[in-house]
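User: I have a model open and a few quick things to ask. Can we go through it together?
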2 protein chains.
Amino acid sequence: MESTLDRLLPTISAPSAPVTEAMRYSIMAGGKRVRPILLMAGSDAVGGNTEKLLPAACALECLHTYSLIHDDLPAMDNDDLRRGIPTCHKVYGEAIAILAGDGLLNYAFELLSSREMREAVDPALLNETISIFGRAAGVFGMIGGQTADILFEGKPIDADTLSFIHRHKTGALLAVSVEMGAVLGGAKPEQRDALSKFGQALGLTFQIIDDILDIVGDEKKIGKPVGSDTRNQKATYPALFGLDAARTKAQDLLNQALEALSDFDHRAEPLRAIARYVVERDR
Amino acid sequence: MESTLDRLLPTISAPSAPVTEAMRYSIMAGGKRVRPILLMAGSDAVGGNTEKLLPAACALECLHTYSLIHDDLPAMDNDDLRRGIPTCHKVYGEAIAILAGDGLLNYAFELLSSREMREAVDPALLNETISIFGRAAGVFGMIGGQTADILFEGKPIDADTLSFIHRHKTGALLAVSVEMGAVLGGAKPEQRDALSKFGQALGLTFQIIDDILDIVGDEKKIGKPVGSDTRNQKATYPALFGLDAARTKAQDLLNQALEALSDFDHRAEPLRAIARYVVERDR
(Lines give C-alpha, C1' and ligand atoms only; values in the text may rest on other atoms or scores of the structure.)
Protein backbone atom coordinates (compact mmCIF):
# COMPACT_ATOMS: atom_id res chain seq x y z
CA MET A 1 0.00 0.00 0.00
CA GLU A 2 2.79 2.43 0.94
CA SER A 3 4.76 1.89 -2.25
CA THR A 4 1.61 2.09 -4.38
CA LEU A 5 0.58 5.37 -2.75
CA ASP A 6 4.10 6.67 -3.35
CA ARG A 7 3.91 5.63 -7.01
CA LEU A 8 0.40 6.94 -7.68
CA LEU A 9 0.44 10.27 -5.83
CA PRO A 10 0.98 13.22 -8.17
CA THR A 11 4.23 15.16 -8.19
CA ILE A 12 4.48 18.52 -9.92
CA SER A 13 7.64 20.54 -10.43
CA ALA A 14 5.69 23.57 -11.60
CA PRO A 15 4.78 26.78 -9.72
CA SER A 16 2.09 24.71 -8.01
CA ALA A 17 4.50 22.15 -6.49
CA PRO A 18 3.65 22.97 -2.84
CA VAL A 19 0.10 21.64 -3.16
CA THR A 20 1.30 18.20 -4.23
CA GLU A 21 3.98 18.28 -1.51
CA ALA A 22 1.28 19.00 1.07
CA MET A 23 -0.91 16.18 -0.28
CA ARG A 24 2.01 13.77 -0.08
CA TYR A 25 3.00 15.00 3.39
CA SER A 26 -0.40 14.19 4.86
CA ILE A 27 -0.85 10.86 3.09
CA MET A 28 2.65 9.54 3.70
CA ALA A 29 2.45 10.49 7.40
CA GLY A 30 1.09 6.99 7.87
CA GLY A 31 -2.24 5.75 9.03
CA LYS A 32 -3.67 2.29 9.22
CA ARG A 33 -4.78 2.23 5.54
CA VAL A 34 -7.96 0.52 6.74
CA ARG A 35 -10.12 1.70 3.83
CA PRO A 36 -7.85 0.58 0.96
CA ILE A 37 -7.27 -2.73 2.74
CA LEU A 38 -11.03 -3.18 3.13
CA LEU A 39 -11.52 -2.66 -0.60
CA MET A 40 -8.89 -5.26 -1.40
CA ALA A 41 -10.19 -7.72 1.19
CA GLY A 42 -13.71 -7.19 -0.19
CA SER A 43 -12.49 -8.09 -3.66
CA ASP A 44 -10.56 -11.09 -2.32
CA ALA A 45 -13.70 -12.36 -0.57
CA VAL A 46 -15.47 -12.70 -3.94
CA GLY A 47 -12.42 -13.98 -5.81
CA GLY A 48 -11.74 -10.72 -7.68
CA ASN A 49 -8.55 -9.75 -9.51
CA THR A 50 -7.50 -7.63 -6.55
CA GLU A 51 -4.01 -6.64 -7.71
CA LYS A 52 -5.55 -4.54 -10.50
CA LEU A 53 -7.66 -2.53 -8.07
CA LEU A 54 -4.78 -0.71 -6.39
CA PRO A 55 -5.67 2.73 -7.83
CA ALA A 56 -9.21 2.39 -6.44
CA ALA A 57 -7.78 1.38 -3.06
CA CYS A 58 -5.53 4.45 -3.10
CA ALA A 59 -8.52 6.62 -4.00
CA LEU A 60 -10.07 5.70 -0.64
CA GLU A 61 -6.95 6.75 1.24
CA CYS A 62 -6.85 10.05 -0.71
CA LEU A 63 -10.45 10.73 0.20
CA HIS A 64 -9.93 9.82 3.85
CA THR A 65 -6.83 12.01 4.10
CA TYR A 66 -8.56 15.02 2.51
CA SER A 67 -11.28 14.71 5.15
CA LEU A 68 -8.64 14.72 7.90
CA ILE A 69 -6.86 17.78 6.44
CA HIS A 70 -10.09 19.78 6.22
CA ASP A 71 -11.37 18.54 9.63
CA ASP A 72 -8.13 19.70 11.26
CA LEU A 73 -8.42 23.28 9.90
CA PRO A 74 -8.76 26.13 12.42
CA ALA A 75 -12.35 26.79 11.25
CA MET A 76 -13.22 23.14 11.95
CA ASP A 77 -11.63 21.07 14.78
CA ASN A 78 -8.47 23.21 14.95
CA ASP A 79 -6.09 20.32 15.63
CA ASP A 80 -2.29 20.69 15.68
CA LEU A 81 -1.29 17.02 15.55
CA ARG A 82 -2.35 14.17 13.30
CA ARG A 83 -0.74 10.78 12.81
CA GLY A 84 1.95 11.91 15.28
CA ILE A 85 3.15 14.93 13.27
CA PRO A 86 1.96 18.55 12.80
CA THR A 87 -1.25 18.87 10.80
CA CYS A 88 -1.12 20.00 7.16
CA HIS A 89 -2.08 23.64 7.80
CA LYS A 90 0.52 23.89 10.60
CA VAL A 91 3.24 23.07 8.07
CA TYR A 92 1.93 24.55 4.79
CA GLY A 93 -0.47 27.24 5.99
CA GLU A 94 -4.24 27.30 5.75
CA ALA A 95 -4.56 28.23 2.06
CA ILE A 96 -2.37 25.37 0.83
CA ALA A 97 -4.01 22.96 3.30
CA ILE A 98 -7.47 23.80 1.92
CA LEU A 99 -6.14 23.30 -1.62
CA ALA A 100 -4.32 20.08 -0.68
CA GLY A 101 -7.60 18.72 0.71
CA ASP A 102 -9.43 19.76 -2.44
CA GLY A 103 -6.62 18.21 -4.47
CA LEU A 104 -6.90 14.86 -2.68
CA LEU A 105 -10.69 14.77 -2.91
CA ASN A 106 -10.45 15.48 -6.63
CA TYR A 107 -7.54 13.05 -7.08
CA ALA A 108 -9.61 10.23 -5.60
CA PHE A 109 -11.94 10.53 -8.59
CA GLU A 110 -8.96 10.91 -10.95
CA LEU A 111 -7.59 7.59 -9.68
CA LEU A 112 -10.96 5.85 -9.98
CA SER A 113 -11.33 6.99 -13.60
CA SER A 114 -7.63 6.55 -14.46
CA ARG A 115 -6.45 4.59 -17.49
CA GLU A 116 -5.27 1.77 -15.20
CA MET A 117 -8.78 1.33 -13.80
CA ARG A 118 -10.46 1.79 -17.19
CA GLU A 119 -8.31 -0.99 -18.61
CA ALA A 120 -8.84 -3.31 -15.65
CA VAL A 121 -12.58 -3.12 -15.08
CA ASP A 122 -15.79 -3.33 -17.11
CA PRO A 123 -16.78 0.30 -17.91
CA ALA A 124 -20.34 0.04 -16.60
CA LEU A 125 -19.12 -1.46 -13.30
CA LEU A 126 -16.53 1.28 -13.01
CA ASN A 127 -19.15 4.00 -13.47
CA GLU A 128 -21.32 2.38 -10.82
CA THR A 129 -18.33 2.18 -8.48
CA ILE A 130 -17.63 5.89 -8.97
CA SER A 131 -21.29 6.57 -8.26
CA ILE A 132 -21.50 4.66 -4.95
CA PHE A 133 -18.14 6.10 -3.88
CA GLY A 134 -19.32 9.64 -4.66
CA ARG A 135 -22.54 9.19 -2.72
CA ALA A 136 -20.73 7.78 0.33
CA ALA A 137 -18.23 10.64 0.26
CA GLY A 138 -20.63 13.52 -0.33
CA VAL A 139 -23.44 15.32 1.44
CA PHE A 140 -25.50 12.10 1.62
CA GLY A 141 -22.53 10.45 3.34
CA MET A 142 -19.31 11.67 4.92
CA ILE A 143 -19.71 15.40 4.31
CA GLY A 144 -23.25 15.23 5.71
CA GLY A 145 -21.92 13.50 8.83
CA GLN A 146 -19.14 16.01 9.28
CA THR A 147 -21.64 18.86 8.91
CA ALA A 148 -23.88 17.45 11.64
CA ASP A 149 -20.84 16.77 13.82
CA ILE A 150 -19.74 20.41 13.57
CA LEU A 151 -23.25 21.79 14.07
CA PHE A 152 -23.91 19.74 17.22
CA GLU A 153 -20.58 20.50 18.88
CA GLY A 154 -21.27 21.54 22.48
CA LYS A 155 -25.01 20.94 22.12
CA PRO A 156 -27.15 18.29 23.80
CA ILE A 157 -27.61 15.40 21.41
CA ASP A 158 -29.93 12.39 21.31
CA ALA A 159 -29.16 8.83 20.29
CA ASP A 160 -30.72 9.29 16.83
CA THR A 161 -28.54 12.26 15.96
CA LEU A 162 -25.46 10.50 17.29
CA SER A 163 -26.30 7.50 15.15
CA PHE A 164 -26.78 9.79 12.12
CA ILE A 165 -23.34 11.30 12.68
CA HIS A 166 -21.66 7.92 13.15
CA ARG A 167 -23.28 6.29 10.14
CA HIS A 168 -22.44 9.22 7.89
CA LYS A 169 -19.16 10.67 9.12
CA THR A 170 -17.14 7.44 9.30
CA GLY A 171 -19.54 4.60 8.59
CA ALA A 172 -20.43 5.49 5.01
CA LEU A 173 -16.88 5.51 3.68
CA LEU A 174 -15.82 2.36 5.56
CA ALA A 175 -18.91 0.53 4.34
CA VAL A 176 -18.44 1.65 0.74
CA SER A 177 -14.80 0.54 0.84
CA VAL A 178 -15.93 -3.06 1.26
CA GLU A 179 -18.78 -2.62 -1.23
CA MET A 180 -16.46 -1.15 -3.88
CA GLY A 181 -14.19 -4.17 -3.48
CA ALA A 182 -17.22 -6.40 -3.93
CA VAL A 183 -18.48 -4.58 -7.04
CA LEU A 184 -15.07 -4.27 -8.67
CA GLY A 185 -14.25 -7.87 -7.76
CA GLY A 186 -17.36 -9.06 -9.57
CA ALA A 187 -19.62 -9.98 -6.64
CA LYS A 188 -23.00 -11.65 -7.17
CA PRO A 189 -25.93 -9.56 -5.86
CA GLU A 190 -26.34 -11.60 -2.65
CA GLN A 191 -22.58 -11.41 -1.98
CA ARG A 192 -22.68 -7.68 -2.46
CA ASP A 193 -25.58 -7.34 -0.01
CA ALA A 194 -23.78 -9.42 2.60
CA LEU A 195 -20.53 -7.48 2.23
CA SER A 196 -22.45 -4.23 2.40
CA LYS A 197 -24.01 -5.32 5.72
CA PHE A 198 -20.58 -6.34 6.96
CA GLY A 199 -19.18 -2.93 6.02
CA GLN A 200 -21.96 -1.03 7.76
CA ALA A 201 -21.56 -2.96 11.01
CA LEU A 202 -17.78 -2.60 10.82
CA GLY A 203 -18.03 1.14 10.16
CA LEU A 204 -20.08 1.70 13.28
CA THR A 205 -17.78 -0.52 15.35
CA PHE A 206 -14.81 1.44 14.13
CA GLN A 207 -16.29 4.79 15.16
CA ILE A 208 -17.30 3.57 18.63
CA ILE A 209 -13.83 2.15 19.26
CA ASP A 210 -12.27 5.38 17.99
CA ASP A 211 -14.36 7.33 20.48
CA ILE A 212 -13.40 4.93 23.31
CA LEU A 213 -9.72 5.36 22.42
CA ASP A 214 -10.10 9.13 22.58
CA ILE A 215 -10.93 8.60 26.28
CA VAL A 216 -8.71 5.69 27.35
CA GLY A 217 -6.16 5.47 24.50
CA ASP A 218 -2.40 5.99 24.49
CA GLU A 219 -1.50 9.24 22.71
CA LYS A 220 1.76 7.77 21.36
CA LYS A 221 0.00 4.74 19.91
CA ILE A 222 -2.87 6.55 18.20
CA GLY A 223 -0.78 9.48 16.97
CA LYS A 224 -3.03 12.32 18.09
CA PRO A 225 -3.85 13.95 21.44
CA VAL A 226 -6.46 12.05 23.43
CA GLY A 227 -9.37 13.84 25.08
CA SER A 228 -10.03 16.15 22.12
CA ASP A 229 -13.65 14.95 21.86
CA THR A 230 -14.27 15.89 25.48
CA ARG A 231 -12.53 19.26 25.05
CA ASN A 232 -14.54 20.01 21.89
CA GLN A 233 -17.72 18.73 23.61
CA LYS A 234 -18.23 16.21 20.82
CA ALA A 235 -21.11 13.80 21.13
CA THR A 236 -19.75 10.25 21.23
CA TYR A 237 -21.17 6.86 22.05
CA PRO A 238 -19.21 6.50 25.33
CA ALA A 239 -20.10 10.08 26.32
CA LEU A 240 -23.81 9.35 25.84
CA PHE A 241 -24.02 5.77 27.15
CA GLY A 242 -20.83 5.22 29.17
CA LEU A 243 -17.68 3.20 28.44
CA ASP A 244 -19.12 -0.20 29.38
CA ALA A 245 -22.20 0.12 27.19
CA ALA A 246 -19.98 1.39 24.35
CA ARG A 247 -17.76 -1.69 24.61
CA THR A 248 -20.77 -4.02 24.68
CA LYS A 249 -22.20 -2.28 21.60
CA ALA A 250 -18.89 -2.62 19.76
CA GLN A 251 -18.77 -6.35 20.56
CA ASP A 252 -22.38 -6.81 19.37
CA LEU A 253 -21.58 -5.03 16.12
CA LEU A 254 -18.47 -7.16 15.62
CA ASN A 255 -20.64 -10.26 15.96
CA GLN A 256 -23.12 -8.83 13.42
CA ALA A 257 -20.28 -8.12 11.02
CA LEU A 258 -18.88 -11.65 11.31
CA GLU A 259 -22.39 -13.11 10.98
CA ALA A 260 -22.82 -11.29 7.65
CA LEU A 261 -19.81 -13.24 6.35
CA SER A 262 -21.15 -16.67 7.36
CA ASP A 263 -21.73 -17.82 3.76
CA PHE A 264 -18.19 -16.89 2.68
CA ASP A 265 -15.26 -19.29 2.58
CA HIS A 266 -11.62 -18.82 3.63
CA ARG A 267 -11.19 -16.01 1.11
CA ALA A 268 -13.14 -13.74 3.50
CA GLU A 269 -10.58 -14.45 6.25
CA PRO A 270 -8.81 -11.06 5.74
CA LEU A 271 -12.15 -9.28 6.25
CA ARG A 272 -12.79 -11.25 9.43
CA ALA A 273 -9.28 -10.47 10.68
CA ILE A 274 -9.76 -6.74 10.06
CA ALA A 275 -13.06 -6.76 11.95
CA ARG A 276 -11.41 -8.42 14.96
CA TYR A 277 -8.43 -6.05 14.76
CA VAL A 278 -10.72 -3.02 14.88
CA VAL A 279 -12.24 -4.14 18.17
CA GLU A 280 -8.93 -5.32 19.62
CA ARG A 281 -7.38 -1.87 19.17
CA ASP A 282 -9.16 -1.09 22.44
CA ARG A 283 -7.28 -3.74 24.46
CA MET B 1 -30.05 25.83 -16.81
CA GLU B 2 -31.55 27.50 -13.73
CA SER B 3 -34.44 25.06 -13.43
CA THR B 4 -32.17 22.07 -14.03
CA LEU B 5 -29.77 23.23 -11.33
CA ASP B 6 -32.72 23.68 -9.00
CA ARG B 7 -33.95 20.16 -9.80
CA LEU B 8 -30.58 18.42 -9.55
CA LEU B 9 -29.07 20.11 -6.49
CA PRO B 10 -29.34 17.97 -3.35
CA THR B 11 -31.70 18.87 -0.54
CA ILE B 12 -31.41 17.23 2.86
CA SER B 13 -33.81 17.67 5.77
CA ALA B 14 -31.47 15.86 8.15
CA PRO B 15 -29.13 17.31 10.81
CA SER B 16 -26.81 18.15 7.92
CA ALA B 17 -29.32 20.41 6.10
CA PRO B 18 -27.23 23.61 6.37
CA VAL B 19 -24.51 22.27 4.07
CA THR B 20 -26.97 21.70 1.22
CA GLU B 21 -28.55 25.10 1.91
CA ALA B 22 -25.12 26.71 1.61
CA MET B 23 -24.40 24.85 -1.64
CA ARG B 24 -27.71 25.98 -3.06
CA TYR B 25 -27.21 29.56 -1.84
CA SER B 26 -23.95 29.94 -3.73
CA ILE B 27 -25.07 28.20 -6.91
CA MET B 28 -28.46 29.88 -7.17
CA ALA B 29 -26.88 33.31 -6.60
CA GLY B 30 -26.58 33.47 -10.35
CA GLY B 31 -23.60 33.59 -12.60
CA LYS B 32 -23.29 33.42 -16.34
CA ARG B 33 -23.39 29.57 -16.48
CA VAL B 34 -20.67 29.78 -19.13
CA ARG B 35 -19.23 26.31 -18.45
CA PRO B 36 -22.47 24.31 -18.66
CA ILE B 37 -23.48 26.27 -21.75
CA LEU B 38 -20.09 25.52 -23.33
CA LEU B 39 -20.62 21.80 -22.72
CA MET B 40 -24.03 21.90 -24.35
CA ALA B 41 -22.82 24.04 -27.25
CA GLY B 42 -19.89 21.64 -27.70
CA SER B 43 -22.30 18.73 -27.96
CA ASP B 44 -24.55 20.68 -30.33
CA ALA B 45 -21.58 21.41 -32.58
CA VAL B 46 -21.08 17.67 -33.21
CA GLY B 47 -24.78 16.86 -33.39
CA GLY B 48 -24.97 15.19 -29.96
CA ASN B 49 -28.10 14.38 -27.96
CA THR B 50 -27.53 17.48 -25.84
CA GLU B 51 -30.72 17.39 -23.77
CA LYS B 52 -29.51 14.22 -22.04
CA LEU B 53 -26.28 15.84 -20.93
CA LEU B 54 -27.83 18.29 -18.46
CA PRO B 55 -26.41 16.54 -15.34
CA ALA B 56 -22.90 16.81 -16.81
CA ALA B 57 -23.51 20.48 -17.59
CA CYS B 58 -24.62 21.05 -13.98
CA ALA B 59 -21.52 19.21 -12.75
CA LEU B 60 -19.41 21.97 -14.33
CA GLU B 61 -21.35 24.69 -12.51
CA CYS B 62 -21.01 22.78 -9.21
CA LEU B 63 -17.29 22.54 -9.69
CA HIS B 64 -16.94 26.19 -10.66
CA THR B 65 -19.02 27.32 -7.68
CA TYR B 66 -17.01 25.20 -5.21
CA SER B 67 -13.85 26.88 -6.49
CA LEU B 68 -15.42 30.31 -5.89
CA ILE B 69 -16.54 29.40 -2.34
CA HIS B 70 -13.07 28.15 -1.39
CA ASP B 71 -11.27 31.02 -3.17
CA ASP B 72 -13.36 33.53 -1.23
CA LEU B 73 -12.43 32.07 2.20
CA PRO B 74 -10.50 34.29 4.63
CA ALA B 75 -7.42 32.06 4.28
CA MET B 76 -7.53 32.56 0.50
CA ASP B 77 -8.73 35.79 -1.20
CA ASN B 78 -10.89 36.86 1.77
CA ASP B 79 -13.71 38.30 -0.33
CA ASP B 80 -17.02 39.49 1.15
CA LEU B 81 -19.07 39.76 -2.03
CA ARG B 82 -19.65 37.37 -4.90
CA ARG B 83 -22.27 37.49 -7.64
CA GLY B 84 -23.63 40.61 -5.94
CA ILE B 85 -24.41 39.01 -2.54
CA PRO B 86 -22.39 38.11 0.56
CA THR B 87 -19.97 35.20 0.06
CA CYS B 88 -20.84 31.76 1.42
CA HIS B 89 -18.68 31.98 4.55
CA LYS B 90 -20.11 35.42 5.37
CA VAL B 91 -23.58 33.87 5.57
CA TYR B 92 -22.93 30.32 6.82
CA GLY B 93 -19.58 30.65 8.59
CA GLU B 94 -16.21 29.28 7.55
CA ALA B 95 -16.74 25.65 8.58
CA ILE B 96 -19.96 25.22 6.60
CA ALA B 97 -18.48 27.12 3.65
CA ILE B 98 -15.51 24.74 3.51
CA LEU B 99 -17.91 21.79 3.68
CA ALA B 100 -20.25 23.32 1.08
CA GLY B 101 -17.28 23.69 -1.27
CA ASP B 102 -16.23 20.09 -0.61
CA GLY B 103 -19.85 19.05 -1.11
CA LEU B 104 -20.09 20.77 -4.51
CA LEU B 105 -16.75 19.40 -5.70
CA ASN B 106 -17.87 15.92 -4.70
CA TYR B 107 -21.36 16.44 -6.11
CA ALA B 108 -19.90 17.28 -9.53
CA PHE B 109 -18.60 13.71 -9.73
CA GLU B 110 -21.87 12.37 -8.31
CA LEU B 111 -23.74 14.07 -11.15
CA LEU B 112 -21.31 12.81 -13.79
CA SER B 113 -21.70 9.22 -12.57
CA SER B 114 -25.43 9.53 -11.83
CA ARG B 115 -27.99 7.05 -13.13
CA GLU B 116 -29.23 9.67 -15.62
CA MET B 117 -25.78 9.94 -17.18
CA ARG B 118 -25.12 6.20 -17.01
CA GLU B 119 -28.32 5.56 -18.92
CA ALA B 120 -27.70 8.28 -21.50
CA VAL B 121 -24.09 7.71 -22.51
CA ASP B 122 -21.87 4.81 -23.59
CA PRO B 123 -20.12 3.62 -20.38
CA ALA B 124 -16.57 3.81 -21.75
CA LEU B 125 -17.15 7.38 -23.02
CA LEU B 126 -18.56 8.33 -19.62
CA ASN B 127 -15.47 6.92 -17.87
CA GLU B 128 -13.26 8.94 -20.17
CA THR B 129 -15.32 12.07 -19.60
CA ILE B 130 -14.98 11.73 -15.82
CA SER B 131 -11.26 11.27 -16.30
CA ILE B 132 -10.66 14.39 -18.40
CA PHE B 133 -12.93 16.41 -16.12
CA GLY B 134 -11.01 15.20 -13.05
CA ARG B 135 -7.67 16.10 -14.55
CA ALA B 136 -8.82 19.59 -15.57
CA ALA B 137 -10.25 20.23 -12.11
CA GLY B 138 -7.37 18.84 -10.03
CA VAL B 139 -3.74 19.63 -9.28
CA PHE B 140 -2.81 19.28 -12.96
CA GLY B 141 -5.49 21.84 -13.76
CA MET B 142 -7.56 24.31 -11.77
CA ILE B 143 -6.25 23.50 -8.28
CA GLY B 144 -2.68 23.75 -9.60
CA GLY B 145 -3.48 27.17 -11.07
CA GLN B 146 -5.10 28.40 -7.88
CA THR B 147 -2.07 27.20 -5.88
CA ALA B 148 0.32 29.16 -8.08
CA ASP B 149 -1.98 32.19 -7.98
CA ILE B 150 -1.94 32.19 -4.15
CA LEU B 151 1.81 31.56 -3.93
CA PHE B 152 2.71 34.39 -6.29
CA GLU B 153 0.44 36.99 -4.69
CA GLY B 154 2.46 40.15 -4.13
CA LYS B 155 5.54 38.69 -5.81
CA PRO B 156 7.16 39.70 -9.10
CA ILE B 157 5.99 37.36 -11.83
CA ASP B 158 7.16 36.63 -15.36
CA ALA B 159 5.06 35.98 -18.46
CA ASP B 160 5.58 32.20 -18.24
CA THR B 161 4.25 31.96 -14.70
CA LEU B 162 1.33 34.22 -15.56
CA SER B 163 0.54 32.00 -18.52
CA PHE B 164 0.78 28.93 -16.27
CA ILE B 165 -1.72 30.45 -13.84
CA HIS B 166 -4.11 31.51 -16.61
CA ARG B 167 -4.03 28.19 -18.42
CA HIS B 168 -4.60 26.23 -15.23
CA LYS B 169 -6.75 28.37 -12.95
CA THR B 170 -9.48 29.24 -15.44
CA GLY B 171 -8.39 27.92 -18.81
CA ALA B 172 -8.38 24.20 -17.99
CA LEU B 173 -12.00 24.03 -16.83
CA LEU B 174 -13.36 26.21 -19.64
CA ALA B 175 -11.47 24.14 -22.21
CA VAL B 176 -12.62 20.85 -20.76
CA SER B 177 -16.22 22.07 -20.74
CA VAL B 178 -16.19 22.22 -24.53
CA GLU B 179 -14.20 18.98 -24.80
CA MET B 180 -16.65 17.13 -22.54
CA GLY B 181 -19.50 18.28 -24.73
CA ALA B 182 -17.58 16.99 -27.73
CA VAL B 183 -16.80 13.58 -26.18
CA LEU B 184 -20.29 13.07 -24.75
CA GLY B 185 -21.86 14.28 -27.98
CA GLY B 186 -19.94 11.63 -29.93
CA ALA B 187 -17.31 13.78 -31.68
CA LYS B 188 -14.93 12.26 -34.23
CA PRO B 189 -11.25 12.58 -33.21
CA GLU B 190 -10.53 15.57 -35.49
CA GLN B 191 -13.68 17.34 -34.23
CA ARG B 192 -12.59 16.76 -30.66
CA ASP B 193 -9.13 18.20 -31.38
CA ALA B 194 -10.61 21.28 -33.01
CA LEU B 195 -13.07 21.86 -30.16
CA SER B 196 -10.31 21.36 -27.64
CA LYS B 197 -8.23 24.07 -29.40
CA PHE B 198 -11.28 26.34 -29.42
CA GLY B 199 -11.78 25.76 -25.69
CA GLN B 200 -8.19 26.52 -24.83
CA ALA B 201 -8.17 29.79 -26.77
CA LEU B 202 -11.52 30.76 -25.29
CA GLY B 203 -10.36 29.94 -21.75
CA LEU B 204 -7.40 32.27 -22.05
CA THR B 205 -9.55 35.01 -23.61
CA PHE B 206 -12.00 34.70 -20.77
CA GLN B 207 -9.32 35.13 -18.10
CA ILE B 208 -7.75 38.16 -19.81
CA ILE B 209 -11.15 39.85 -20.18
CA ASP B 210 -11.94 39.03 -16.52
CA ASP B 211 -8.73 40.72 -15.45
CA ILE B 212 -9.49 43.76 -17.66
CA LEU B 213 -12.96 44.02 -16.10
CA ASP B 214 -11.43 43.97 -12.62
CA ILE B 215 -9.73 47.24 -13.62
CA VAL B 216 -12.30 49.02 -15.82
CA GLY B 217 -15.52 47.11 -15.05
CA ASP B 218 -18.78 48.21 -13.47
CA GLU B 219 -19.15 46.71 -9.98
CA LYS B 220 -22.93 46.46 -10.32
CA LYS B 221 -22.69 44.65 -13.64
CA ILE B 222 -20.06 42.08 -12.66
CA GLY B 223 -21.41 41.46 -9.15
CA LYS B 224 -18.18 41.76 -7.20
CA PRO B 225 -15.97 44.65 -6.11
CA VAL B 226 -13.57 45.80 -8.80
CA GLY B 227 -9.92 46.43 -8.09
CA SER B 228 -9.51 43.32 -5.90
CA ASP B 229 -6.66 42.01 -8.08
CA THR B 230 -4.75 45.25 -7.62
CA ARG B 231 -5.43 45.26 -3.86
CA ASN B 232 -4.31 41.63 -3.53
CA GLN B 233 -1.32 42.35 -5.81
CA LYS B 234 -2.43 39.63 -8.19
CA ALA B 235 -0.49 39.09 -11.36
CA THR B 236 -2.75 39.72 -14.34
CA TYR B 237 -2.25 40.16 -18.05
CA PRO B 238 -3.15 43.87 -18.04
CA ALA B 239 -0.97 44.45 -14.98
CA LEU B 240 2.03 42.88 -16.74
CA PHE B 241 1.53 44.17 -20.30
CA GLY B 242 -0.94 47.07 -20.00
CA LEU B 243 -4.61 47.39 -20.95
CA ASP B 244 -4.06 47.93 -24.68
CA ALA B 245 -1.83 44.90 -25.11
CA ALA B 246 -4.30 42.85 -23.07
CA ARG B 247 -7.17 43.85 -25.37
CA THR B 248 -5.13 43.06 -28.48
CA LYS B 249 -4.22 39.67 -27.02
CA ALA B 250 -7.87 38.92 -26.25
CA GLN B 251 -8.86 39.81 -29.82
CA ASP B 252 -6.08 37.59 -31.25
CA LEU B 253 -7.25 34.70 -29.10
CA LEU B 254 -10.85 35.23 -30.18
CA ASN B 255 -9.72 34.96 -33.79
CA GLN B 256 -7.81 31.76 -33.00
CA ALA B 257 -10.89 30.33 -31.30
CA LEU B 258 -13.12 31.12 -34.27
CA GLU B 259 -10.49 29.77 -36.68
CA ALA B 260 -10.55 26.43 -34.84
CA LEU B 261 -14.25 26.16 -35.73
CA SER B 262 -13.78 26.79 -39.45
CA ASP B 263 -14.67 23.22 -40.47
CA PHE B 264 -17.90 23.24 -38.46
CA ASP B 265 -21.32 24.09 -39.87
CA HIS B 266 -24.16 26.19 -38.42
CA ARG B 267 -24.46 23.86 -35.42
CA ALA B 268 -21.30 25.48 -34.03
CA GLU B 269 -23.00 28.90 -34.12
CA PRO B 270 -23.72 28.88 -30.33
CA LEU B 271 -20.02 28.29 -29.65
CA ARG B 272 -19.09 31.18 -31.95
CA ALA B 273 -21.64 33.42 -30.25
CA ILE B 274 -20.26 32.59 -26.78
CA ALA B 275 -16.73 33.38 -27.90
CA ARG B 276 -17.83 36.78 -29.21
CA TYR B 277 -19.85 37.45 -26.07
CA VAL B 278 -16.84 36.78 -23.87
CA VAL B 279 -14.81 39.48 -25.60
CA GLU B 280 -17.74 41.89 -25.84
CA ARG B 281 -18.24 41.85 -22.07
CA ASP B 282 -15.42 44.40 -22.06
CA ARG B 283 -17.32 46.96 -24.15
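User: Is A14(B) buried or exposed?
Analyst: A14(B) is partly exposed, because 16 other C-beta atoms lie within 10 Å. Buried takes 20 or more other C-beta atoms within 10 Å of the residue's own, exposed 12 or fewer, and partly exposed is in between, with C-beta atoms placed from the backbone. This is a predicted model, where local features need pLDDT of at least 70 and side-chain atom pairs count only at pLDDT 80 or more, while totals for chains, interfaces and linings use all residues. Residues are numbered from 1 along each chain as its sequence is written, and chains are lettered from A and ligands numbered from 1 in the order written.

User: Where does A14(B) sit?
Analyst: In the loop between helix 1 (2-8) and helix 2 (17-28) of chain B. Helices are DSSP runs of H or I, at least four residues, numbered from the N terminus.

User: What is A14(B) in contact with, leaving aside neighbours within four places in sequence?
Analyst: G144(A) and F164(A). Contact means C-beta atoms, placed from the backbone, within 7 Å.

User: Switching topic: how many residues of chain A are in contact with chain B?
Analyst: 49 residues of chain A, in contact with 49 of chain B. Helix 6 of chain A supplies the largest share of the chain A side, 12 residues.

User: And helix 6 in chain B, how many of its residues are buried?
Analyst: 18 of the 19, so helix 6 of chain B is largely enclosed by the rest of the structure.

Terms used. Helix = DSSP H or I, 4+ residues; strand = E, 2+ residues; numbered from the N terminus. Contact = placed C-beta atoms within 7 Å.
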